[in-house]
Amino acid sequence: MPQAYNKWELSYTQNRELSWLKFNARVLEEAVDSSVPLMERLRFVSIFTSNLDEFFMVRVGSLHDLSVMTPEALDNKSGLTPKEQLDRIYDAVRPLIRQRDAIYAEVSSQLSKFGICRLSYDKLKDKEKNFVRKYYKEQIRPLISPQIIDRSHPFPHLKNKKLYAAALLQSGEQQFLGIVDVPESVPSIIHMPDNPDRFIGTEEILIHYLKNIFKIYSIVEQSVISVTRNADISFNDEKFEEDGDPDLLSHMVKLLKRRDRLNPVRLEVQGDAPLLSEILTHFLKLQPHQVYSSTCPLNMGFAYSIAPENPALYYPPYTPSYPRYLTQEMPMWDQIQQRDILLFYPYHSMQPFLNLLRESAHDPRVVSIQITIYRLARNSSVAKYLQAAAENGKSVTVLVELRARFDEENNIEWAQELEEAGCKIIYGSDLYKCHSKICLITRRDKNGRLSHVTQIGTGNYNEKTAALYTDFCLMTADKAIADDAVNFFQNMLMGSFRELYKTLLVAPACMKSELIRMIDGEIAKGSQGRIIIKVNSVTERDLIDKLSEASQAGVKIDLIVRGICCIIPGIPGKTDNITVTSIVGRFLEHARVYAFGTGATRLIYISSADIMTRNQTRRVEIACPIKSPEIGQWLADYLDIQLRDNLKARKLLPSGEYTSVKGGPPVSSQQYFLDNPPEFTHTVVKKDGIITRILKLFRKR
């Protein structure tokens, strides 16, 4: 029998999927904001669309699996079965699609005033038509494989999120379905030679030429279509053993090949083609409510492929700064020995951490580097320095998580390259995905003593996202943190996930229980208690209930939650003392910070973990205490500025809806930090020793 939930248990929580859709609607609001430059508004439409694509592939896909395997299971925040959740999701998405289409049309109209035009074929000038005609004949037509579906030609497999031109064809009394795939080797948009700001989608060229492709038929209806499939591939112990794979790497390669062949969960149709849609739903075994018609292009990635030269169409240019409180004339190791260092991406450059890795790769005293990898950039300096360290004879251990969703192939490639360079590669456990961000560097001094530098972050070792996501990077020589880091990597090598740590909070071993203990500590203070938590999502039921208990005890609780938030604030008698703020802006809010208490006794942690069941119980995560009073106070001020944001922030209401923040002087927390990158007391520079002078020579190279 499924577990039942009473009304009290569900009165201050909401379904995670419906909460996520409200967050994505908030992303779409940025495309309406007149203070946002036009090209950036177009990109927010693209972000909304790609977010929704991933949502259907992963969350809707997994709910379809649940509806088959455990149809009576109840969501512990809403009491809904998988099917009930799916029904509400499909209904909730439809108005969002209409809103997206209207916003796209308005933004496109505004961009056209600047000469930036995505064109249909009939809007091309005569000279442009000649160019497109030649391009089609020479570059597209030789690559297409048109297909008719009849008794001799079965319905083809339509790949996940690939674009196709489809047509309902007529020959006498008979009707046929015709499908042409949009070649993946052709650019998604074709720029006009005399004016690259005028362009046409490749799929729109194909649609125009369908009458020539299927010339022996008449066309009843035609449209660009795309199928979204369940892409929630998951590692399965039994399947692993059945396949006889020698290791996790081989198994993941097989799983990735299956992703494109999983069941469809959505059909997108550009334009109005009801008869064509009905036929496609039959072949795809979909229901009518799983079909979405749109006037917007089905692939919005082109928003990042066009680059008009007018600077007024973009955010003002910004280059992450090298922190002024660090000196580039002194090795990072020496500066970290003097004091803890906090970097705040993207306002700070990632370069100080990269310098630390580069110096360590060439420092003759460094004996080992150990690091966890979840996502790396395609052209990764982090990987390059790890390879250099291994080639220089240092012991380099890299824990690569192969199951970083949609980055699996990139991680497989990097794991192989790092191993070829001499790094020791281990993979995340089949039980727990490793999502932690930790690097431990060990050095032996001339007397044989070992010392360490530990880096712990809230985001990935990815130079690209470090310029787009807000994240914290702590570098410290603290011995207690280093001791825990040594134990952490030894435990990962042995597959031991339940060991306790003295300083770090590590999931799945102790993070959740320690968070509950600290909340209890604030409950004991009653109305003097104070909790501020900044994360991406809040879904974990036990922690939600504990926060409700704290609210009922009078503890003031502010949650800064960018995305999913299953706890509803302001419910009388349950969450009266809780506020929820969501900030969406130029950068993706990604940092996680936990703060308990006030003043000198306040505890502050930075973490890789959200307040989600998966992070607390099914992943390896780390939260690190901030021991520097200076950094701790700065983080407290940072949280206060986020809570005072009334331009890009929204408040969650007891109804579950978001509303603009009113009152007070205008504050955009992201703009504040663009104008005021974090600064701390300057490092005291010691006299250079011989090793320091040698390392300076390497830096100059």
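Two strands pair here if DSSP finds at least two bridges between them, and strands (E, at least two residues) and helices (H or I, at least four) are DSSP runs, numbered from the N terminus. The legends below use those terms throughout. This is a predicted model, where local features need pLDDT of at least 70 and side-chain atom pairs count only at pLDDT 80 or more, while totals for chains, interfaces and linings use all residues. Residues are numbered from 1 along each chain as its sequence is written, and side-chain values use heavy atoms, with hydrogens and water left out.

**View A. A six-strand open sheet, with strands S8 and S9 at one end of its order.** Strand S8 (residues 264-270) and S9 run parallel, paired over four bridges. If you want a spot to zoom in on, glutamine 270 has serine 294 in S9 as its bridge partner. Reading across the whole sheet, the order is S2-S4-S3-S7-S8-S9, and the pairing is mixed. Strand S2 (147-149) and strand S9 (291-294) are the edges, each pairing on one side only. On average, neighbouring strands of this sheet are turned by 30 degrees against each other, direction ignored. For angles in general, axes are lines fitted to C-alpha atoms (for helices, over the stretch in contact), and values run from 0 to 180 degrees between N-to-C directions.

**View B. Helices H4 and H6 against the six-strand sheet.** Helix H4 (residues 82-112) lies across S8 and S9, and runs at about 10 degrees to S9. Helix H6 (residues 202-213) packs on the sheet too, touching strand S3 (163-171), strand S4 (174-181), strand S7 (218-229) and S8. The direction of H6 makes about 140 degrees with that of S7. Contact here means heavy atoms within 4.5 Å.

**View C. A three-strand open sheet that also meets H6.** The strands come in the order S1-S6-S5, with mixed pairing. At the edges sit strand S1 (117-118) and strand S5 (189-192), each of them pairing on one side only. S1 is joined to strand S6 (residues 195-201) by two bridges, and the two run parallel. Look for arginine 118, which stands opposite phenylalanine 199 in S6. H6 packs on this sheet by touching S1, S5 and S6, and its direction makes about 55 degrees with that of S6.

**View D. Strand S25, wrapped up by the rest of the structure.** Seven of the seven residues of strand S25 (residues 619-625) are buried, so the strand is largely enclosed by the rest of the structure. Buried means under 20% relative accessible area, exposed means over 50%, and partly exposed is in between (1.4 Å probe, protein chains only). Arg619, Glu621, Ala623 and Pro625 point one way, Val620, Ile622 and Cys624 point the other way, and all are buried.

**View E. The strands that pair with S25.** Strand S14 (residues 433-434) pairs with S25 in the parallel sense, over two bridges; here lysine 433 stands opposite arginine 619. Strand S18 (residues 505-507) runs antiparallel to S25 and is joined to it by three bridges, with alanine 507 opposite glutamate 621. Strand S24 (residues 603-607) is also antiparallel to S25, again with three bridges, and tyrosine 605 has proline 625 as its bridge partner.

**View F. The largest cavity.** On a 1 Å grid over the protein atoms alone, a cavity is a set of points where a 1.4 Å probe fits but cannot get out, whereas a pocket is an open set with protein on both sides within 12 Å along at least five of seven lines; lining residues have an atom within 4 Å of a point. Grid points are joined across faces, edges and corners, and a volume is the space filled by probe spheres set on the points. The count comes to five cavities of 30 Å³ or more, and the largest has a volume of about 60 Å³. Its lining includes Tyr345, Met350, Phe353, Asn460 and Cys473. S17 gives the largest share of that lining, three residues.

**View G. The second largest pocket.** This pocket has a volume of about 330 Å³. Of the 19 residues that line it, Leu262, Asn263, Pro264, Leu284 and Lys285 are the closest to its centre. Helix H3 (38-69), S8 and helix H9 (274-284) each supply at least two lining residues, and H3 gives the most, with four.
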